Amino acid sequence: MGIVVAIDGPSGAGKSSTAKLIAHRAGWNYLDTGALYRGVTWLSLEKNEEDAHKLIDLLKHFPLKFNCDPQNPILHVGQTDVNLAIRSQEVTDRVSYIAAIPEIRKELLSIQRQYIKNAQRGIVVEGRDIGSVVAPEATLKLFLTADLQSRASRREAEIDSDVSTQEVKASLEGRDQIDTTRKVSPLQMPTDAVLIDSTLLNLDETVDRIWELLRERNLLGLPIVGILGRPNVGKSTLINRFIGRREAIVEDTPGVTRDRVQYECEWGGRRFIVMDTGGWESKPDGISIAVSAGAEIAMEQSDVLCFVVDAQIGALDEDDVLVQELRKAKKPIILIANKVDSEREESDAHSLWSLGLGEPFFVSALHGRGSGDLLDKVVSHLPEVGRAQVQDGYRRVALIGRPNVGKSSLLNALAGEERSIVSEIAGTTRDPVDELISFGGSTWRFIDTAGLRKRSNQASGTDYYASLRTQAALERCEVAVVVLDASEAISEQDLRIITMAEEAGKAMVIVMNKWDLVDEDRRDQLDREIDRHLDQVEWAQRVNVAAKTGWHRDRLAPALRTAIDSWEKRVPTSKLNAFLGALIGATPPPVRGGKQPKIFYATQAGIAPPKFIIFSSGWIEASYRRFIERRLREEFSFPGTPVQVAIRVKEREKI
């Protein structure tokens, strides 16, 4: 089973259209669970049968068969194509009643889960109880909604019969009432779902919003670039050049690499996987048989194939055999002439045109000559969605803080068992520890890190490497839980760690641990310290806990969800500019150099964290930018996440 995207929401919110486009774009399967219930409803009307047990018996003779191709999603009941029939007003008026029957829901639940299980790469499933009942472990849960007027207009456009907007509106209201109040699997938004209101969004904008979430969470598969060739042509050296470090083992002896090894690479803003393979031989013997077989598997698994040839030796008969195998794969092929260290050798390497793979790219993997142009070429051939799945969908949380503030104790308290070693000795944890922990109704990937004692450039030995690993953990997390010892004064190192998390652009929750040791005097002192030191991150969520006893540990999950929701929040451009226009009208930007800069418009450039770009005729003072950020928070609410506001000076064209 691959990635599962669950889309819930009321009728007419645009779930089907959105889900089909997302599934098609990602190359995944698509399942319309509502169509299955409509199919049962059609069967009920066709056979004039309402008894649940008899309907289930009918389904054995007339099974539901759904084609999961997003470009051609067709439902058959038995041998009958009911794709158009299930959209009739008669079925629409009856489907909520049928869908509320517990026995029918139980029967269809097993059918839906089987479709999900059979989806190898991924599937987009839409309905009303997907994230809560059908696929509670879905990788991404979405709740797509819109106001009643918008939904009625959309539904009216889908219905062929002459039905007024008011009638459609009344029908939707009735369905909403039944769906939200039924005893079995009512329509409700899962606690860990992302809310998307499509009232002000068209279909393309809704799809872009979901695609942005998939990309930001690394749920879209990364393309795989297979590096293939005969032994000792420099494949591993080329990979080290691509990834910018010595990871692949390199030696002058042929056949050093035997297994398929994958490394993550980034170039020009595109992330992809490069796969190192053993040298391919046309007539292998001994261990070479398995090595060559592994290279052939790499051809199947890759999205782009890079065929490396030693330009100093030239093309051999063995290369011609491999070229024939590469062509059978029917994938983009890039011919790489390696070990071309000068222009003179480049002229000799032109003989590789004879392989029939087009223009060879001349590089020297050892010295880096031509590697940038080659990477540009590779990136230009990458598909939008590849075959390598890099994330499992669990939200990533890093526990960071000074030594001995109780990070490992908090991890154990959340897990309900001893997962990390806890000791009174400061600095017990040295390596980041990944743990999947279920609490608060969700499963989270927690990363317990080593305590940061001092600046990394002043640290040495174990502390230095521990600090590097902690910074790496902070980079790959989504929300940073900064643990402070509430029984001690907030230190300079605490503030430095908070600043580190803020500058990394991560959502943040500040945990005041050891609250069981805080008396009334310390509480008053702590309030003053928070006012004095934490005013720069007053937006951060704060939770008071006692990890040793487990007191208030249940409050962390809601704080994490709030912070992540804000971190991924997007403000519609129309709302953003309406807010900005009112703000400028009431409080215009300050005059600078005798001129008052004009603010033209603003747009949200990205999420995770929210990034806003304001276009103006001149530079805006930093104090006014902070004022805009503060008012943005007041208007749209971004608790738990930093908000980045940038100014872009744009001269208006003179007519």
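**Backbone exceptions, domains and salt bridges**

His552 is placed in the loop between β20 (541–544) and α19 (556–567), where helices (H or I, at least four residues) and strands (E, at least two) are DSSP runs numbered from the N terminus. The structure is a predicted model, in which local features need pLDDT of at least 70 and side-chain atom pairs count only at pLDDT 80 or more, while totals for chains, interfaces and linings use all residues. Residues are numbered from 1 along each chain as its sequence is written, and side-chain values use heavy atoms, with hydrogens and water left out.

**Backbone geometry**

- His552 has a positive phi, near 65 degrees, in a residue other than glycine, and it is buried, with a relative accessible area of 19%; buried here means under 20% relative accessible area, exposed over 50% and partly exposed in between (1.4 Å probe, protein chains only).
- Asn232, which is likewise not a glycine, has a positive phi of about 65 degrees; Asn232 sits in the loop between β9 (224–229) and α10 (235–243), and its relative accessibility of 34% makes it partly exposed.
- The peptide bond that joins Ala608 and Pro609 is cis, with omega at about 0 degrees, and Pro609 belongs to the loop between β21 (599–606) and β22 (611–616).

**Domains and the contact of domain 1 with domain 3**

- The chain is divided into domain 1 (1–215), domain 2 (222–379), domain 3 (393–566) and domain 4 (571–647), with bounds that come from an automatic or database domain assignment.
- Between the C-alpha centres of domain 1 and domain 3 the distance is 41 Å, and the contact (heavy atoms within 4.5 Å) takes four residues from domain 1 and five residues from domain 3.
- Together, domain 1 and domain 3 bury about 370 Å² between them, 36% of it on carbon and sulfur atoms, where buried area is the accessible area (1.4 Å probe) that two parts lose on being put together, summed over both.
- On the side of domain 1 that touches domain 3, the residues divide into no nonpolar, two polar and two charged; in this grouping Ala, Val, Leu, Ile, Met, Phe, Trp, Tyr, Cys and Pro count as nonpolar, Asp, Glu, Lys and Arg as charged, and the others, Gly among them, as polar.
- Zero salt bridges are counted between domain 1 and domain 3, a salt bridge being a side-chain nitrogen of Lys or Arg within 4 Å of a carboxyl oxygen of Asp or Glu.
- Zero residue pairs (both at pLDDT 80 or more) are found in polar contact across the interface of domain 1 and domain 3; a polar contact is a pair of N or O atoms within 3.5 Å, of which, within protein, one must be able to donate a hydrogen and the other to accept it, and residues adjacent in sequence count only if both atoms are side-chain atoms.

**The surroundings of Asp129**

- Asp129 is located in the loop between β6 (122–127) and α6 (130–134), and with a relative accessible area of 4% this residue is buried.
- The side chains of Asp129 and Arg105 are joined by a polar contact of 2.8 Å, and, once neighbours within four places in sequence are left aside, Asp129 is in contact with Asp8, Arg105, Val134 and Ser185.

**Salt bridges**

- The whole structure holds 28 salt bridges, including one between Glu384 and Arg25, in which the closest N and O atoms are 2.9 Å apart.
- Because Glu384 lies in the loop between α14 (371–380) and β15 (395–401) and Arg25 in helix α1 (residues 15–26), this pair ties together parts that are 359 residues apart in sequence; Glu384 is partly exposed at 42% relative accessibility, and Arg25 is partly exposed at 32%.
- Asp179 and Arg128 form a salt bridge whose closest N and O atoms are 2.8 Å apart, and the pair links distant parts of the chain, with Asp179 in helix α8 (residues 165–181) and Arg128 in the loop between β6 and α6, 51 residues apart.
- Both partners of that bridge are buried, Asp179 at 2% relative accessibility and Arg128 at 13%.
- In the salt bridge of Glu488 with Arg402 the closest N and O atoms are 3.5 Å apart; Glu488 lies in the loop between β18 (479–485) and α17 (492–503) and Arg402 in the loop between β15 and α15 (407–415), so the pair ties together parts that are 86 residues apart in sequence.
- Glu488 is partly exposed, with a relative accessible area of 40%, whereas Arg402 is buried at 13%.
- Arg217, Arg395, Glu478 and Glu568 are joined into one network by salt bridges that share partners.
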